[in-house]
Amino acid sequence: MTSFRVAVLISGTGTNLQALLDQLHSPGGPIEIVGVASSRPEAQGLRRAEAAGVESATFPLADHESRETRDQALGDWLDSLGAHLVVLAGFMELLTPEFVARFEGRIINVHPSLLPEFPGLRAIERAVEARVPETGVTVHFVDEGMDTGPIVLQQALELSYPADIAEIEERVHGVEHRLLPRAVQLIAAKRVHDE
Ligand code: GRF
């Protein structure tokens, strides 16, 4: 059997990476997490990769001449792993249009809002400031825009006011940890594609 090879890009804690490792990863099995790349060398998620025996690498912008050369090196590393799918799981940097084009239809992101509402940073806080009755989580393909690509899966969460941001973040994370692995499974099973 050929494994569906998944690479994960992170910048921080990596709880979504952990969900993918716990729920999907099996070396040589149907879905294998073949590599974890971080934009920050101190990211806690790198330790999760190590604990799972998954190859990892760091690509801080400061180590490269430009974002273009960084993304070129990152793309070369992902290709060397034979990644079929690249998952942005809390990767907090913009990727160049060249990188996005290189992996077109093969990169997904998890975002803590019901896109197209609240793209970009502080999505949960901005939803609460707007006093919307619900927010949620979106897994979507990545295009050149900011959180604008075709949606794979979405799940809503009710909000009540006054809102407790920490409690909402916890619920959002709970949803992310179910939705992101489910989206990867659907893509691996060729039940969804970017069109
Ligand atoms: C998640 O909330 C995700 O929606 C956002 O970044 C956060 C990453 O969390 N893009 P973690 O590092 O997976 O714990």
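Which pocket is the space taken by the ligand? In this predicted model, the ligand takes up the space of the largest pocket. The residues around the ligand are Thr13, Gly14, Thr15, Asn16, Gly90, Val110, Pro112, His173 and Glu176. Two elements give two or more residues to this shell, namely helix H1, which spans residues 15–23, and helix H6, which spans residues 165–188. Sorted by class, the shell consists of 2 nonpolar, 6 polar and 1 charged residues.

Polar atoms of the protein approach oxygen atoms of the ligand from both side chains and backbone. In the side chain of Glu176, an N or O atom is placed 2.3 Å from an oxygen atom of the ligand. For Asn16, the atom concerned is a backbone N or O atom, and the distance from an oxygen atom of the ligand is 2.8 Å. His173 contributes a polar side-chain atom, which lies 3.5 Å from an oxygen atom of the ligand. Of the 370 Å² of accessible area that the ligand has on its own, the protein covers 83%.

Away from the ligand, Thr138 is a residue of strand E6, which comprises residues 134–141. Thr138 is classed as buried because its relative accessible area is 0%, a value under the 20% cut-off for that class. The side chain of Thr138 takes part in a polar contact of 3.0 Å with the side chain of Gln154, and the side chain of Thr138 also reaches the backbone nitrogen of Leu115, at a distance of 3.1 Å. Leu115 in turn precedes a cis peptide bond, since the bond from Leu115 to Pro116 has omega near 15°. Stated on its own, the peptide bond from Leu115 to Pro116 is cis, with omega near 15°. Pro116 itself belongs to the loop between strand E5 (107–111) and helix H5 (123–129).

A cis peptide bond also joins Tyr161 and Pro162, with omega at about 0°. Pro162 is located in the loop that runs between strand E7, residues 151–158, and H6.

Positive phi values are found at Arg122 and at Lys190. Arg122 has a phi of about 50° although it is not a glycine, and the place of Arg122 is in the loop between E5 and H5. Arg122 counts as partly exposed because its relative accessibility is 46%, which falls between the limits of 20% and 50%. Lys190, likewise not a glycine, has a positive phi of about 60° and is found in the segment after H6. With a relative accessibility of 66%, Lys190 counts as exposed, the cut-off for that class being over 50%.

A further buried position is Val6, which lies in strand E1, residues 4–10. The relative accessible area of Val6 is 0%, and Val6 is therefore assigned to the buried class. Val6 and Ala188 are 182 residues apart in sequence, whereas the distance between their C-alpha atoms is 9.2 Å in space.

Methods: Residues numbered from 1 in each chain as written. Predicted model: local features only at pLDDT ≥ 70, side-chain atom pairs only at ≥ 80, totals over all residues. Heavy atoms only, no water. Near = heavy atom within 4 Å. Polar contact = N/O pair within 3.5 Å; in protein donor to acceptor, adjacent residues only side chain to side chain. Areas by Shrake-Rupley, 256 points an atom, 1.4 Å probe, with all protein chains shown as cover. 1 Å grid on protein atoms, 1.4 Å probe; cavity = no way out; pocket = protein on both sides within 12 Å on 5 of 7 lines; lining within 4 Å. Sits in = over half its atoms within 2 Å of the grid points. Helix = DSSP H or I, 4+ residues; strand = E, 2+ residues; numbered from the N terminus. Nonpolar A, V, L, I, M, F, W, Y, C, P; charged D, E, K, R; others polar. Buried < 20%, exposed > 50% of the residue type's maximum accessible area, 1.4 Å probe, protein only.
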